Amino acid sequence: MTAEPTFTFCAALVDALAAQGVNHACVSPGSRNTPLLITLAAHPAIEVSVHHDERSAAFFALGLAKATGGVPLLSCTSGTAATEYLPAITEARMAHVGMIVLSADRPPELQDRGSPQTINQTNLYGVAAKWFHDIGVPDAESVGNAAGLARKAVATALETPAGPIHLNLPLREPLVPMAKLDTAFATTTATPAATATRIAATEEEIARIAEVVSGRPTVIIAGQSNSPGLGSAVSEAAAALRGIIIADPQSEIRFGGTDDPALISTADLLVAAGFRGGEAPAAVLHVGALPTSKPVNQWLESLGADLTHIDDGRWHDPLRIATSVVVADPTQTLSQLAKIVDAGPEGFAAAWRRADDAATAVLRDAPADISEPAIAATLIDAVPAGAVIVAGSSMPIRLLDSYGTRRDRSARLIANRGANGIDGTVATALGVATAGIGPTYALLGDVTALVDIGSLATASRLATPLTIVTINNDGGGIFEFLPHSDPERIDSTTYEELIATPHGQSLAGVATALGVESCEVADLETLGSLLSVAPSKPRLIELRTDRAAGPRRRSEIVERIAAAAAAT
């Protein structure tokens with residue numbers, strides 16, 4: 001491609017990454033990473049998206065990776081630019097998402113001398129990075145190592161549990177080639193692409209689980225998991241056991257579009273209402289991450305049942321109550337388990353399903369006003385088949401968990417619940433939308449939207465089809481559900497100014513100023529109509545609610561559900 005060592009190596013590395021299936025690079029402008037920018041732009045197999053803000057770029061890559069299961073590339077200049085990636089890298093590590101950071105750096109002779117835009121980038125992300133490697137200043141020998149480095153980087157990113165990789169590349173000047181580059185790359189298919197690995201449970205482990213659950217009333221808790229096909233495996237196991245399924249919104253089965261009789265889609269509200277069924281569960285199978293629902297988690301802690309936790313690639317006991325932990329692929333494990341277990345009592349699941357139907361009817365009959373429960377229910381009901389919903393990690397995912405009932409059309413929900421931060425959610429949604437796996441919607445709170453306001457400018461510039469629904473209750477609505485809002489415990493002025501933090505902003509106005517089509521909606525019929533049609537460009541829909549009304553509305557719904565469930 002060129003005789004210059006820097007560009008020869010960059011070309012070899014980018015080509016080798018493309019050969020491993022890397023097909024998207026999120027780049028930010030800079031001087032030190034110019035050789036990478038030029039090379040990435042020239043490669044025919046890699047799509048490049050430009051991001052002015054590195055923090056937004058990293059969350060965009062995170063959304064892309066979550067949506068596709070692929071390994072996107074991030075490229076930035078030296079110095080604090082690379083530090084902006086840390087929040088998204090942390091989420092990626094906690095959520096088991098693969099991506100590769102390729103940070104440009106100053107060469108060794110400029111380190112520790114007060115040179116501008118120079119920091120110590122060695123192990124910059126600490127434990128958040130799954131693997132760090134300093135590539136070294138490219139020289140005549142480097143190109144021969146590029147293919148092996150790319151194979152290891154992608155394989156390590158995908159290897160269970162998946163995670164982010166940090167490759168640091170010190171570059172000497174000149175950072176611009178002496179002449180325009182020849183864009184003929186060697187190949188993009190020279191080596192086999194790396195694939196994710198899965199850990200299989202042993203026959204002894206499966207037999208031990210079967211012994212615990214066979215013939216007993218059993219609950220399957222389906223949390224978020226990267227295990228392909230887990231929804232079908234959960235249904236298969238529940239049918240064999242005659243058990244029930246409590247599925248987190250991020251699990252495949254919650255909004256999977258199939259009317260599984262074992263699925264209890266209002267478990268959060270039923271448990272909060274005191275419903276416990278006719279017979280207490282004696283066994284629990286928990287697959288994947290911790291459920292969003294606090295009432296469900298508290299109920300599990302109170303059961304005293306045998307709880308087996310199954311997760312791929314990590315020893316996981318988030319509630320600290322597991323009687324057995326199996327590190328194995330949940331899909332494979334449940335599929336094998338379903339073949340050998342004995343069914344539990346007939347009436348156990350039936351009682352829960354009757355209560356679930358009664359709770360669903362209560363939600364259907366709830367007042368059709370602009371309230372947070374109604375907004376969440378309308379969104380779940382209105383979005384088209386194959387839609388992808390990106391939920392904010394604070395109140396929005398809790399609202400969808402509580403009020404999003406079973407659908408007859410499939411939808412997928414994605415949230416940054418690995419580390420549960422609210423930052424970068426607009427950018428994550430943009431990355432998901434760019435993946436093109438289905439019409440994409442985001443349900444965000446106002447603070448979450450404002451935290452990532454710069455990504456609205458990115459949305460406008462990229463013109464990515466995305467609907468952002470923002471609930472504007474002028475502050476942190478989740479705190480209304482917590483002791484923080486109790487005036488007997490915290491002074492009301494302190495609570496408002498330092499915790500609830502009202503902002504007084506019109507989100508539709510902010511979005512319009514940044515070039516995103518926006519509107520404020522005041523009725524559910526209009527909201528449902530807007531959501532039912534996927535847009536051709538980004539848009540923001542704002543709905544204003546009363547922050548203090550959230551707990552009161554939930555209490556009213558829980559009270560009605562308690563009465564309806566008791567009548568079953």
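**Questions on sheet, cores and loops**

Colleague: Which residue stands opposite F132 in strand 6?

Modeller: Helices (H or I, at least four residues) and strands (E, at least two) are DSSP runs numbered from the N terminus. Strand 5 and strand 6 (residues 164–170) pair in the parallel sense over four bridges, where pairing takes at least two DSSP bridges between two strands. Opposite F132, in strand 6, stands H166.

Colleague: What kind of model is this?

Modeller: Residues are numbered from 1 along each chain as its sequence is written, and side-chain values use heavy atoms, with hydrogens and water left out. Local features need pLDDT of at least 70, side-chain atom pairs count only at pLDDT 80 or more, totals for chains, interfaces and linings use all residues, and the model itself is predicted.

Colleague: Which strands stand at the edges of the open sheet, and why is one side of each left without a neighbour?

Modeller: The sheet has six strands in the order 2-1-3-4-6-5, with parallel pairing. Each edge strand has a single partner strand, so one side of it has no neighbour in the sheet. These edge strands are strand 2 (47–50) and strand 5 (131–134).

Colleague: What is the average twist from one strand to the next?

Modeller: Axes are lines fitted to C-alpha atoms (for helices, over the stretch in contact), and angles run from 0 to 180 degrees between N-to-C directions. From one strand to the next, the twist averages 20 degrees.

Colleague: At about what angle does helix 3 run to strand 1?

Modeller: Helix 3 (residues 54–68) lies across strand 1 (24–27), strand 2, strand 3 (73–76) and strand 4 (99–105). Its direction relative to strand 1 is about 160 degrees.

Colleague: Is E480 buried or exposed, and which side chain makes a polar contact with its own?

Modeller: E480 lies in the loop between strand 15 (467–472) and helix 18 (492–500). Its relative accessible area is 15%, so E480 counts as buried (under 20%; exposed is over 50%, partly exposed in between, with a 1.4 Å probe and protein chains only). A polar contact is a pair of N or O atoms within 3.5 Å; within protein, one must be able to donate a hydrogen and the other to accept it, and residues adjacent in sequence count only if both atoms are side-chain atoms. At 3.0 Å, the side chain that partners E480 is that of R547.

Colleague: Which helix gives the largest nonpolar core its largest share?

Modeller: A nonpolar core is a set of buried Ala, Val, Leu, Ile, Met, Phe, Trp, Tyr and Cys residues joined through side-chain atoms within 4.5 Å. The largest one has 59 residues, and L270, W352, L379 and L400 have the most contacts inside it. Seven residues, the largest share, come from helix 12 (residues 346–364).

Colleague: How many residues are in the other core, apart from that one?

Modeller: Among its members are F59, A81, A95 and A129. This other core has 46 residues.

Colleague: What is omega for the cis peptide bond from E173 to P174?

Modeller: The bond from T160 to P161 is cis too, with omega near -10 degrees, and P161 is in the loop between helix 6 (143–158) and strand 6. P174 lies in the loop between strand 6 and helix 7 (203–213). For the bond from E173 to P174, omega is near 10 degrees.

Colleague: What is the phi of N123?

Modeller: N123 lies in the loop between strand 4 and strand 5. It is partly exposed, with a relative accessible area of 47%. Although N123 is not a glycine, its phi is positive, at about 50 degrees.

Colleague: Which residues does A16 touch beyond four places in sequence?

Modeller: A16 is found in helix 1 (residues 5–19) and counts as buried at 11% relative accessibility. Contact means heavy atoms within 4.5 Å. Not counting residues up to four places away, A16 touches A146, A147 and A150.

Colleague: Why do the buried residues of helix 7 fall on the same side, and what arc do they cover?

Modeller: The buried residues are E205, I206, I209, A210 and V213. The face turned away from them carries the exposed residues E203, E204 and E211. With directions taken from the helix axis to the C-beta atoms, the buried set is on the same side of helix 7 because its arc is only 135 degrees.
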